[in-house]
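Visitor: I should be grateful for a close look at a single part of this model, namely its aromatic side chains and how they are arranged. Please take me through that part in one connected account.

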Amino acid sequence: MSDNNANLTVGGESKDYAIMDGTVGPQVIDVRKLYANTGMFTYDPGFTSTASCESGLTYIDGDEGILLHRGYPIGQLAEQSSFMEVCYLLLNGELPSAKELAEFTTTITRHTMVHEQLTTFYRGFRRDAHPMAIMCGVVGALSAFYHDSTDINDPAQRTIASHRLIAKMPTIAAMAYKYSVGQPFVYPRNDLSYTANFLRMTFSVPAEEYEPDPVIVDAMDKIFILHADHEQNASTSTVRLAGSSGANPFACIAAGIACLWGPAHGGANEAALNMLREIGTVDRIPEYIARAKNKDDPFRLMGFGHRVYKNYDPRATVMQKTAKDVLEKLGVNDPVFDVAKELEKIALNDPYFVEKKLYPNVDFYSGVILSAIGFPTEMFTVLFALARTVGWVAQWNEMISDPAQKIGRPRQLYTGPTQRDYVPVDKR
Ligand code: SDX
(Lines give C-alpha, C1' and ligand atoms only; values in the text may rest on other atoms or scores of the structure.)
Protein backbone atom coordinates (compact mmCIF):
# COMPACT_ATOMS: atom_id res chain seq x y z
CA MET A 1 0.00 0.00 0.00
CA SER A 2 1.33 3.45 -0.87
CA ASP A 3 1.71 5.99 1.96
CA ASN A 4 -0.57 8.40 0.09
CA ASN A 5 -4.19 8.42 -0.99
CA ALA A 6 -6.20 9.82 -3.86
CA ASN A 7 -8.77 12.35 -2.73
CA LEU A 8 -12.03 12.75 -4.61
CA THR A 9 -14.63 15.39 -3.87
CA VAL A 10 -18.19 14.61 -5.01
CA GLY A 11 -21.12 16.84 -4.11
CA GLY A 12 -18.92 18.81 -1.74
CA GLU A 13 -17.90 15.69 0.20
CA SER A 14 -14.24 14.64 0.05
CA LYS A 15 -13.15 11.05 0.48
CA ASP A 16 -9.73 9.40 0.34
CA TYR A 17 -9.13 6.32 -1.76
CA ALA A 18 -6.07 4.17 -1.09
CA ILE A 19 -3.31 4.11 -3.70
CA MET A 20 -1.86 0.60 -4.05
CA ASP A 21 1.64 -0.19 -5.29
CA GLY A 22 2.67 -3.12 -7.47
CA THR A 23 6.24 -4.44 -7.49
CA VAL A 24 6.71 -2.51 -10.75
CA GLY A 25 4.47 -0.54 -13.11
CA PRO A 26 1.54 1.84 -12.57
CA GLN A 27 0.00 2.23 -9.11
CA VAL A 28 -3.76 1.73 -8.78
CA ILE A 29 -6.44 3.71 -6.97
CA ASP A 30 -8.64 1.37 -4.95
CA VAL A 31 -12.18 2.48 -5.92
CA ARG A 32 -14.01 -0.48 -4.43
CA LYS A 33 -15.83 1.84 -1.99
CA LEU A 34 -16.58 4.58 -4.56
CA TYR A 35 -20.20 3.53 -5.21
CA ALA A 36 -20.96 3.14 -1.48
CA ASN A 37 -19.42 6.56 -0.79
CA THR A 38 -20.78 8.51 -3.78
CA GLY A 39 -23.56 6.51 -5.46
CA MET A 40 -21.47 6.85 -8.63
CA PHE A 41 -19.64 4.31 -10.84
CA THR A 42 -16.39 4.82 -12.67
CA TYR A 43 -16.85 4.88 -16.45
CA ASP A 44 -14.20 3.14 -18.56
CA PRO A 45 -15.47 1.38 -21.75
CA GLY A 46 -12.76 -1.00 -22.98
CA PHE A 47 -11.08 -0.77 -19.57
CA THR A 48 -8.35 1.55 -20.86
CA SER A 49 -7.62 2.80 -17.30
CA THR A 50 -8.86 -0.11 -15.22
CA ALA A 51 -6.95 -2.84 -13.40
CA SER A 52 -9.31 -5.81 -13.07
CA CYS A 53 -7.16 -7.82 -10.70
CA GLU A 54 -3.83 -8.30 -8.99
CA SER A 55 -1.50 -10.67 -10.87
CA GLY A 56 2.08 -11.90 -10.59
CA LEU A 57 2.25 -13.73 -13.91
CA THR A 58 3.13 -11.27 -16.67
CA TYR A 59 4.30 -7.67 -16.67
CA ILE A 60 4.15 -5.42 -19.73
CA ASP A 61 5.68 -1.95 -20.03
CA GLY A 62 4.04 -0.72 -23.23
CA ASP A 63 6.16 2.42 -23.48
CA GLU A 64 9.46 0.56 -23.16
CA GLY A 65 8.34 -2.56 -25.07
CA ILE A 66 9.03 -4.81 -22.08
CA LEU A 67 7.34 -8.20 -21.53
CA LEU A 68 8.24 -10.33 -18.50
CA HIS A 69 6.87 -13.73 -17.52
CA ARG A 70 7.35 -14.19 -13.76
CA GLY A 71 10.14 -11.60 -14.14
CA TYR A 72 11.99 -13.21 -17.06
CA PRO A 73 12.21 -11.14 -20.31
CA ILE A 74 10.40 -12.69 -23.27
CA GLY A 75 13.51 -12.35 -25.46
CA GLN A 76 15.58 -14.49 -23.06
CA LEU A 77 12.82 -17.08 -22.73
CA ALA A 78 12.34 -17.28 -26.51
CA GLU A 79 16.08 -17.71 -27.12
CA GLN A 80 17.04 -19.92 -24.16
CA SER A 81 13.96 -21.70 -22.81
CA SER A 82 11.39 -24.17 -24.17
CA PHE A 83 7.61 -23.96 -24.26
CA MET A 84 7.32 -26.77 -21.69
CA GLU A 85 9.66 -24.87 -19.36
CA VAL A 86 7.69 -21.63 -19.86
CA CYS A 87 4.49 -23.56 -19.07
CA TYR A 88 6.04 -24.75 -15.80
CA LEU A 89 7.24 -21.20 -15.03
CA LEU A 90 3.81 -19.64 -15.62
CA LEU A 91 2.00 -22.30 -13.61
CA ASN A 92 4.44 -22.54 -10.69
CA GLY A 93 6.20 -19.17 -10.53
CA GLU A 94 9.79 -20.40 -10.77
CA LEU A 95 11.97 -22.01 -13.45
CA PRO A 96 12.07 -25.79 -12.87
CA SER A 97 15.08 -27.88 -11.98
CA ALA A 98 16.00 -30.48 -14.59
CA LYS A 99 14.15 -33.10 -12.52
CA GLU A 100 11.06 -30.93 -12.11
CA LEU A 101 10.98 -30.19 -15.84
CA ALA A 102 11.31 -33.87 -16.72
CA GLU A 103 8.47 -34.81 -14.35
CA PHE A 104 6.24 -31.98 -15.63
CA THR A 105 6.91 -32.91 -19.25
CA THR A 106 6.08 -36.56 -18.54
CA THR A 107 2.83 -35.54 -16.85
CA ILE A 108 1.80 -33.39 -19.79
CA THR A 109 2.84 -36.09 -22.28
CA ARG A 110 0.68 -38.66 -20.50
CA HIS A 111 -2.41 -36.44 -20.97
CA THR A 112 -2.04 -35.82 -24.71
CA MET A 113 -4.58 -38.45 -25.81
CA VAL A 114 -8.26 -37.46 -25.96
CA HIS A 115 -11.29 -39.64 -25.17
CA GLU A 116 -11.94 -41.71 -28.29
CA GLN A 117 -15.59 -40.59 -28.37
CA LEU A 118 -14.45 -37.01 -28.78
CA THR A 119 -13.59 -37.85 -32.37
CA THR A 120 -17.30 -38.13 -33.16
CA PHE A 121 -17.73 -34.41 -32.43
CA TYR A 122 -15.62 -33.60 -35.48
CA ARG A 123 -17.87 -35.59 -37.79
CA GLY A 124 -20.73 -33.22 -36.97
CA PHE A 125 -18.87 -30.32 -38.61
CA ARG A 126 -18.70 -29.61 -42.33
CA ARG A 127 -15.23 -30.33 -43.71
CA ASP A 128 -14.89 -26.63 -44.57
CA ALA A 129 -15.82 -25.45 -41.06
CA HIS A 130 -13.39 -22.85 -39.74
CA PRO A 131 -11.09 -24.72 -37.33
CA MET A 132 -11.69 -22.08 -34.65
CA ALA A 133 -15.40 -23.03 -34.72
CA ILE A 134 -14.33 -26.64 -34.14
CA MET A 135 -12.02 -25.59 -31.30
CA CYS A 136 -14.82 -23.68 -29.53
CA GLY A 137 -17.09 -26.71 -29.74
CA VAL A 138 -14.67 -29.50 -28.95
CA VAL A 139 -12.86 -27.76 -26.07
CA GLY A 140 -16.20 -26.83 -24.50
CA ALA A 141 -17.24 -30.48 -24.84
CA LEU A 142 -14.23 -31.64 -22.77
CA SER A 143 -16.24 -30.86 -19.63
CA ALA A 144 -18.59 -33.70 -20.68
CA PHE A 145 -15.70 -36.16 -20.55
CA TYR A 146 -13.62 -35.11 -17.56
CA HIS A 147 -16.06 -34.78 -14.67
CA ASP A 148 -13.27 -35.80 -12.27
CA SER A 149 -11.51 -32.46 -12.79
CA THR A 150 -14.31 -29.89 -12.81
CA ASP A 151 -14.52 -29.09 -9.07
CA ILE A 152 -12.76 -25.73 -9.09
CA ASN A 153 -12.50 -25.67 -5.29
CA ASP A 154 -10.28 -28.74 -5.27
CA PRO A 155 -6.66 -27.68 -6.01
CA ALA A 156 -5.78 -31.20 -7.14
CA GLN A 157 -8.63 -31.18 -9.68
CA ARG A 158 -7.62 -27.72 -10.86
CA THR A 159 -4.10 -29.01 -11.47
CA ILE A 160 -5.30 -32.06 -13.41
CA ALA A 161 -7.68 -29.92 -15.50
CA SER A 162 -4.85 -27.46 -16.23
CA HIS A 163 -2.51 -30.26 -17.31
CA ARG A 164 -5.24 -31.88 -19.42
CA LEU A 165 -5.99 -28.61 -21.23
CA ILE A 166 -2.33 -27.83 -21.97
CA ALA A 167 -1.71 -31.42 -23.08
CA LYS A 168 -4.81 -31.94 -25.21
CA MET A 169 -4.89 -28.66 -27.12
CA PRO A 170 -2.23 -29.81 -29.64
CA THR A 171 -4.13 -33.07 -30.21
CA ILE A 172 -7.46 -31.28 -30.65
CA ALA A 173 -5.88 -28.63 -32.89
CA ALA A 174 -4.15 -31.21 -35.06
CA MET A 175 -7.43 -33.15 -35.35
CA ALA A 176 -9.19 -29.97 -36.49
CA TYR A 177 -6.61 -29.57 -39.24
CA LYS A 178 -6.75 -33.25 -40.27
CA TYR A 179 -10.54 -33.12 -40.42
CA SER A 180 -10.41 -30.05 -42.68
CA VAL A 181 -8.11 -31.79 -45.18
CA GLY A 182 -9.87 -35.17 -45.05
CA GLN A 183 -6.90 -37.04 -43.60
CA PRO A 184 -7.11 -39.56 -40.72
CA PHE A 185 -6.45 -38.36 -37.18
CA VAL A 186 -2.93 -39.14 -35.93
CA TYR A 187 -2.51 -40.27 -32.32
CA PRO A 188 0.08 -38.56 -30.11
CA ARG A 189 3.36 -40.36 -29.39
CA ASN A 190 4.98 -40.28 -25.95
CA ASP A 191 8.52 -40.46 -27.30
CA LEU A 192 8.25 -37.02 -28.93
CA SER A 193 8.54 -33.55 -27.41
CA TYR A 194 5.38 -31.49 -26.99
CA THR A 195 5.99 -29.46 -30.15
CA ALA A 196 7.38 -32.30 -32.28
CA ASN A 197 4.34 -34.37 -31.27
CA PHE A 198 2.03 -31.60 -32.45
CA LEU A 199 3.80 -31.26 -35.78
CA ARG A 200 3.67 -35.02 -36.33
CA MET A 201 -0.05 -35.19 -35.47
CA THR A 202 -0.63 -32.35 -37.92
CA PHE A 203 1.54 -33.20 -40.91
CA SER A 204 2.24 -36.95 -40.80
CA VAL A 205 0.15 -39.44 -42.82
CA PRO A 206 -0.15 -43.22 -42.22
CA ALA A 207 1.30 -43.91 -45.65
CA GLU A 208 4.84 -42.93 -44.73
CA GLU A 209 7.23 -42.19 -41.86
CA TYR A 210 7.40 -38.58 -40.65
CA GLU A 211 10.44 -37.07 -38.98
CA PRO A 212 9.77 -33.55 -37.56
CA ASP A 213 12.33 -31.09 -38.99
CA PRO A 214 14.33 -29.69 -36.02
CA VAL A 215 14.32 -26.24 -37.67
CA ILE A 216 10.53 -26.24 -37.73
CA VAL A 217 10.22 -27.75 -34.24
CA ASP A 218 12.47 -25.00 -32.84
CA ALA A 219 10.58 -22.24 -34.67
CA MET A 220 7.18 -23.61 -33.57
CA ASP A 221 8.32 -23.93 -29.97
CA LYS A 222 9.51 -20.31 -30.06
CA ILE A 223 6.17 -19.20 -31.51
CA PHE A 224 4.36 -21.02 -28.70
CA ILE A 225 6.54 -19.24 -26.12
CA LEU A 226 5.78 -15.84 -27.71
CA HIS A 227 2.04 -16.48 -27.42
CA ALA A 228 1.95 -18.08 -23.95
CA ASP A 229 0.53 -15.25 -21.86
CA HIS A 230 -0.01 -11.52 -22.05
CA GLU A 231 -1.47 -9.97 -18.88
CA GLN A 232 -5.20 -9.13 -18.92
CA ASN A 233 -5.91 -9.16 -22.68
CA ALA A 234 -9.45 -9.64 -23.94
CA SER A 235 -9.46 -13.45 -24.05
CA THR A 236 -7.71 -13.80 -20.69
CA SER A 237 -10.21 -11.38 -19.16
CA THR A 238 -12.96 -13.53 -20.70
CA VAL A 239 -11.52 -16.65 -19.06
CA ARG A 240 -11.27 -14.84 -15.72
CA LEU A 241 -14.82 -13.50 -15.96
CA ALA A 242 -16.22 -16.91 -16.91
CA GLY A 243 -14.21 -18.52 -14.11
CA SER A 244 -15.42 -15.97 -11.56
CA SER A 245 -18.91 -17.52 -11.79
CA GLY A 246 -17.49 -20.93 -10.84
CA ALA A 247 -17.77 -22.32 -14.38
CA ASN A 248 -15.62 -25.38 -15.02
CA PRO A 249 -12.18 -24.81 -16.58
CA PHE A 250 -13.01 -26.44 -19.91
CA ALA A 251 -15.97 -24.08 -20.39
CA CYS A 252 -13.81 -21.10 -19.38
CA ILE A 253 -11.10 -21.96 -21.91
CA ALA A 254 -13.74 -22.45 -24.61
CA ALA A 255 -14.95 -18.91 -23.81
CA GLY A 256 -11.38 -17.65 -24.15
CA ILE A 257 -11.04 -19.36 -27.53
CA ALA A 258 -14.22 -17.69 -28.76
CA CYS A 259 -12.97 -14.25 -27.71
CA LEU A 260 -9.50 -14.81 -29.17
CA TRP A 261 -11.08 -15.53 -32.59
CA GLY A 262 -11.96 -11.87 -33.13
CA PRO A 263 -9.83 -10.08 -35.79
CA ALA A 264 -9.01 -7.30 -33.33
CA HIS A 265 -7.38 -9.92 -31.10
CA GLY A 266 -6.00 -13.36 -31.94
CA GLY A 267 -7.76 -13.46 -35.31
CA ALA A 268 -5.38 -10.72 -36.44
CA ASN A 269 -2.65 -13.21 -37.43
CA GLU A 270 -4.93 -14.77 -40.05
CA ALA A 271 -6.17 -11.30 -41.10
CA ALA A 272 -2.61 -9.93 -41.30
CA LEU A 273 -1.37 -12.60 -43.71
CA ASN A 274 -4.53 -12.27 -45.82
CA MET A 275 -3.89 -8.50 -45.91
CA LEU A 276 -0.23 -8.97 -46.91
CA ARG A 277 -1.27 -11.38 -49.67
CA GLU A 278 -3.96 -8.93 -50.86
CA ILE A 279 -1.34 -6.15 -51.03
CA GLY A 280 0.77 -8.65 -52.97
CA THR A 281 3.60 -6.36 -54.08
CA VAL A 282 5.60 -3.53 -52.54
CA ASP A 283 4.31 -0.98 -55.05
CA ARG A 284 0.76 -1.38 -53.71
CA ILE A 285 1.69 -0.59 -50.09
CA PRO A 286 0.98 3.18 -50.32
CA GLU A 287 -2.61 2.42 -51.37
CA TYR A 288 -3.18 0.39 -48.19
CA ILE A 289 -1.37 2.86 -45.95
CA ALA A 290 -3.72 5.54 -47.28
CA ARG A 291 -6.74 3.34 -46.57
CA ALA A 292 -5.52 2.65 -43.02
CA LYS A 293 -5.26 6.41 -42.41
CA ASN A 294 -8.65 7.21 -43.95
CA LYS A 295 -11.20 7.76 -41.18
CA ASP A 296 -14.01 6.88 -43.57
CA ASP A 297 -12.45 3.54 -44.42
CA PRO A 298 -12.89 0.77 -41.80
CA PHE A 299 -9.68 -0.87 -43.06
CA ARG A 300 -6.88 -1.15 -40.51
CA LEU A 301 -3.36 -2.47 -40.92
CA MET A 302 -3.80 -5.92 -39.39
CA GLY A 303 -0.93 -6.90 -37.11
CA PHE A 304 -0.34 -3.23 -36.28
CA GLY A 305 -1.17 -1.31 -33.13
CA HIS A 306 -1.79 -2.46 -29.58
CA ARG A 307 -3.74 -1.29 -26.54
CA VAL A 308 -0.67 -1.51 -24.32
CA TYR A 309 2.42 -1.38 -26.55
CA LYS A 310 3.13 2.17 -27.66
CA ASN A 311 6.53 0.95 -28.70
CA TYR A 312 7.66 -2.11 -30.60
CA ASP A 313 5.99 -5.33 -29.38
CA PRO A 314 9.03 -7.31 -28.17
CA ARG A 315 7.39 -10.47 -29.51
CA ALA A 316 7.28 -8.99 -33.01
CA THR A 317 11.05 -8.41 -32.83
CA VAL A 318 11.66 -12.10 -32.11
CA MET A 319 9.03 -13.12 -34.64
CA GLN A 320 10.63 -11.13 -37.47
CA LYS A 321 14.04 -12.67 -36.74
CA THR A 322 12.49 -16.15 -36.58
CA ALA A 323 10.72 -15.56 -39.89
CA LYS A 324 14.04 -14.61 -41.53
CA ASP A 325 15.80 -17.68 -40.06
CA VAL A 326 13.06 -20.15 -40.96
CA LEU A 327 12.58 -18.89 -44.52
CA GLU A 328 16.35 -19.05 -45.09
CA LYS A 329 16.73 -22.53 -43.56
CA LEU A 330 13.71 -23.87 -45.45
CA GLY A 331 14.81 -22.16 -48.63
CA VAL A 332 11.43 -20.47 -48.90
CA ASN A 333 11.34 -17.19 -50.79
CA ASP A 334 7.94 -15.76 -49.88
CA PRO A 335 7.36 -12.29 -51.42
CA VAL A 336 4.88 -11.66 -48.61
CA PHE A 337 7.81 -11.36 -46.18
CA ASP A 338 9.33 -8.62 -48.33
CA VAL A 339 5.96 -6.85 -48.43
CA ALA A 340 5.72 -7.12 -44.62
CA LYS A 341 9.20 -5.67 -44.05
CA GLU A 342 8.63 -2.81 -46.51
CA LEU A 343 5.18 -2.09 -45.08
CA GLU A 344 6.67 -1.89 -41.59
CA LYS A 345 9.43 0.45 -42.80
CA ILE A 346 6.99 2.78 -44.59
CA ALA A 347 4.46 2.81 -41.75
CA LEU A 348 7.06 3.52 -39.08
CA ASN A 349 8.15 6.59 -41.02
CA ASP A 350 4.60 7.85 -41.57
CA PRO A 351 3.47 10.60 -39.14
CA TYR A 352 0.04 8.95 -38.71
CA PHE A 353 1.52 5.76 -37.30
CA VAL A 354 4.29 7.57 -35.43
CA GLU A 355 1.91 9.98 -33.70
CA LYS A 356 -0.56 7.22 -32.80
CA LYS A 357 2.37 4.99 -31.72
CA LEU A 358 1.29 2.11 -33.93
CA TYR A 359 3.92 -0.59 -34.25
CA PRO A 360 3.87 -4.18 -35.52
CA ASN A 361 2.47 -6.54 -32.89
CA VAL A 362 2.87 -10.27 -32.34
CA ASP A 363 0.48 -11.02 -35.22
CA PHE A 364 2.29 -9.12 -37.96
CA TYR A 365 5.03 -11.62 -38.84
CA SER A 366 3.73 -14.87 -37.32
CA GLY A 367 1.71 -15.76 -40.41
CA VAL A 368 4.78 -15.59 -42.65
CA ILE A 369 6.42 -18.33 -40.58
CA LEU A 370 3.30 -20.45 -40.14
CA SER A 371 2.61 -20.30 -43.88
CA ALA A 372 6.22 -21.35 -44.64
CA ILE A 373 5.82 -24.29 -42.26
CA GLY A 374 2.71 -25.38 -44.15
CA PHE A 375 -0.26 -24.22 -42.05
CA PRO A 376 -3.29 -22.79 -43.86
CA THR A 377 -4.24 -19.28 -42.65
CA GLU A 378 -7.40 -20.63 -40.99
CA MET A 379 -5.17 -22.54 -38.55
CA PHE A 380 -3.19 -19.49 -37.40
CA THR A 381 -5.55 -18.46 -34.59
CA VAL A 382 -5.90 -22.11 -33.56
CA LEU A 383 -2.13 -22.12 -32.97
CA PHE A 384 -2.46 -18.91 -30.96
CA ALA A 385 -5.16 -20.56 -28.81
CA LEU A 386 -3.01 -23.68 -28.39
CA ALA A 387 -0.12 -21.63 -27.02
CA ARG A 388 -2.27 -19.23 -24.97
CA THR A 389 -3.98 -22.08 -23.12
CA VAL A 390 -1.17 -22.17 -20.55
CA GLY A 391 -1.62 -18.44 -19.91
CA TRP A 392 -5.37 -18.82 -19.63
CA VAL A 393 -5.17 -21.70 -17.14
CA ALA A 394 -2.42 -19.98 -15.12
CA GLN A 395 -4.51 -16.79 -14.89
CA TRP A 396 -7.62 -18.84 -14.08
CA ASN A 397 -5.81 -20.64 -11.24
CA GLU A 398 -4.47 -17.32 -9.95
CA MET A 399 -7.97 -15.82 -9.99
CA ILE A 400 -9.50 -18.70 -8.06
CA SER A 401 -6.71 -18.61 -5.48
CA ASP A 402 -7.06 -14.83 -5.02
CA PRO A 403 -8.89 -14.12 -1.72
CA ALA A 404 -10.11 -10.82 -3.18
CA GLN A 405 -11.79 -12.50 -6.15
CA LYS A 406 -15.59 -12.37 -6.47
CA ILE A 407 -17.94 -12.86 -9.38
CA GLY A 408 -17.21 -10.21 -12.01
CA ARG A 409 -20.24 -7.99 -12.47
CA PRO A 410 -19.57 -4.54 -14.00
CA ARG A 411 -22.23 -1.79 -13.86
CA GLN A 412 -23.23 0.75 -16.54
CA LEU A 413 -24.18 4.30 -17.40
CA TYR A 414 -27.87 3.83 -18.26
CA THR A 415 -29.05 6.00 -21.17
CA GLY A 416 -32.27 4.17 -22.08
CA PRO A 417 -35.92 5.26 -21.48
CA THR A 418 -37.07 6.06 -17.95
CA GLN A 419 -40.06 4.11 -16.60
CA ARG A 420 -43.20 4.24 -18.76
CA ASP A 421 -46.50 2.29 -18.82
CA TYR A 422 -47.33 -0.51 -21.23
CA VAL A 423 -49.59 0.49 -24.15
CA PRO A 424 -51.92 -2.22 -25.53
CA VAL A 425 -51.39 -2.84 -29.23
CA ASP A 426 -54.81 -1.45 -30.22
CA LYS A 427 -53.85 1.88 -28.62
CA ARG A 428 -50.38 2.35 -30.24
C1 SDX B 1 -3.45 -9.10 -29.92
O2 SDX B 1 -4.31 -7.07 -25.51
C3 SDX B 1 -3.37 -7.92 -25.85
O4 SDX B 1 -2.39 -8.09 -25.17
C5 SDX B 1 -3.61 -8.69 -27.16
C6 SDX B 1 -2.46 -9.54 -27.65
C7 SDX B 1 -2.23 -10.74 -26.74
O8 SDX B 1 -1.10 -11.27 -26.78
O9 SDX B 1 -3.20 -11.19 -26.08
O10 SDX B 1 -1.28 -8.77 -27.73
C11 SDX B 1 -2.76 -10.10 -29.04
O12 SDX B 1 -4.65 -9.06 -29.95
C13 SDX B 1 -2.60 -8.12 -30.69
C14 SDX B 1 -3.46 -7.08 -31.48
C15 SDX B 1 -3.93 -7.74 -32.77
N16 SDX B 1 -4.89 -6.88 -33.48
C17 SDX B 1 -4.56 -6.26 -34.61
O18 SDX B 1 -3.43 -6.28 -35.13
C19 SDX B 1 -5.74 -5.56 -35.29
C20 SDX B 1 -5.32 -4.16 -35.74
N21 SDX B 1 -5.08 -3.34 -34.56
C22 SDX B 1 -6.17 -2.66 -33.99
O23 SDX B 1 -7.43 -2.84 -34.36
C24 SDX B 1 -5.89 -1.93 -32.70
O25 SDX B 1 -4.63 -1.42 -32.77
C26 SDX B 1 -6.06 -2.75 -31.43
C27 SDX B 1 -7.41 -3.38 -31.37
C28 SDX B 1 -5.02 -3.81 -31.35
C29 SDX B 1 -5.91 -1.80 -30.26
O30 SDX B 1 -6.95 -0.91 -30.32
P31 SDX B 1 -7.12 0.25 -29.20
O32 SDX B 1 -6.07 0.18 -28.17
O33 SDX B 1 -8.54 0.22 -28.74
O34 SDX B 1 -6.81 1.52 -29.99
P35 SDX B 1 -7.86 2.29 -30.89
O36 SDX B 1 -8.67 1.31 -31.70
O37 SDX B 1 -8.58 3.26 -30.01
O38 SDX B 1 -6.88 3.05 -31.89
C39 SDX B 1 -6.24 4.24 -31.48
C40 SDX B 1 -6.10 5.04 -32.79
C41 SDX B 1 -7.43 5.15 -33.56
O42 SDX B 1 -7.37 6.36 -34.30
P43 SDX B 1 -8.17 7.65 -33.67
O44 SDX B 1 -9.62 7.21 -33.45
O45 SDX B 1 -7.46 7.97 -32.34
O46 SDX B 1 -8.02 8.72 -34.71
O47 SDX B 1 -5.19 4.36 -33.67
C48 SDX B 1 -5.88 3.95 -34.84
C49 SDX B 1 -7.36 4.00 -34.54
O50 SDX B 1 -8.11 4.27 -35.72
N51 SDX B 1 -5.44 2.59 -35.12
C52 SDX B 1 -5.13 2.12 -36.32
C53 SDX B 1 -4.73 0.78 -36.11
N54 SDX B 1 -4.82 0.49 -34.81
C55 SDX B 1 -5.26 1.60 -34.20
N56 SDX B 1 -5.15 2.68 -37.55
C57 SDX B 1 -4.76 1.89 -38.58
N58 SDX B 1 -4.37 0.60 -38.44
C59 SDX B 1 -4.34 0.02 -37.23
N60 SDX B 1 -3.95 -1.26 -37.10
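Guide: Two rings of Phe, Tyr or Trp, the last taken by its six-membered ring, are counted as a pair if their centres lie within 6.5 Å. Planes under 30 degrees apart make a pair stacked, planes over 60 degrees apart make a pair edge-to-face, and the rest are tilted. The model is a predicted one, and it holds 20 aromatic pairs.

One of these pairs is formed by F83 and Y194, whose ring centres are 5.5 Å apart. Their planes meet at 40°, so the pair is classed as tilted; this angle falls between the limits of 30 and 60 degrees. The pair joins distant parts of the chain, since F83 belongs to helix α3 (residues 83–92) and Y194 to helix α8 (residues 194–203), with their positions 111 residues apart. Both F83 and Y194 are buried.

A further tilted pair is made by F203 and F375, at 4.9 Å centre to centre and with 55° between the planes. This contact, too, links distant parts of the chain: F203 is in helix α8, whereas F375 is in the loop between α17 (362–373) and α18 (380–401), and the two are 172 residues apart. Their surroundings may be described by accessibility. F203 has a relative accessibility of 22% and therefore counts as partly exposed, the limit for a buried residue being under 20%. F375, with a relative accessible area of 4%, is buried.

The two pairs belong to one aromatic cluster, formed by F83, Y177, Y194, F198, F203, F224 and F375.

Aromatic faces also receive charged side chains. R127 lies over the face of Y179, at 4.1 Å from the ring centre. R411 is placed over the face of Y35, at 5.9 Å from the ring centre.

Helix α17, which borders the loop of F375, contains D363. D363 is buried yet has no salt bridge. The nearest side chain of opposite charge is that of R315, 6.6 Å away, and a salt bridge would require a side-chain nitrogen within 4 Å of a carboxyl oxygen. Leaving aside residues up to four places away in sequence, D363 touches H227, H265, G266, A268, N269, A272, G303 and F384. An aromatic residue, F384, is thus among the contacts of this buried acid.

Terms used: Residues are numbered from 1 along each chain as its sequence is written. This is a predicted model: local features need pLDDT of at least 70, side-chain atom pairs count only at pLDDT 80 or more; totals for chains, interfaces and linings use all residues. Side-chain values use heavy atoms; hydrogens and water are left out. Helices (H or I, at least four residues) and strands (E, at least two) are DSSP runs, numbered from the N terminus. Buried means under 20% relative accessible area, exposed over 50%, partly exposed in between (1.4 Å probe, protein chains only). A charge sits over a ring if NZ of Lys or CZ of Arg is within 6 Å of the ring centre and within 35 degrees of the ring normal. Lys and Arg count as positive and Asp and Glu as negative; His and the chain ends are not counted. Contact means heavy atoms within 4.5 Å.
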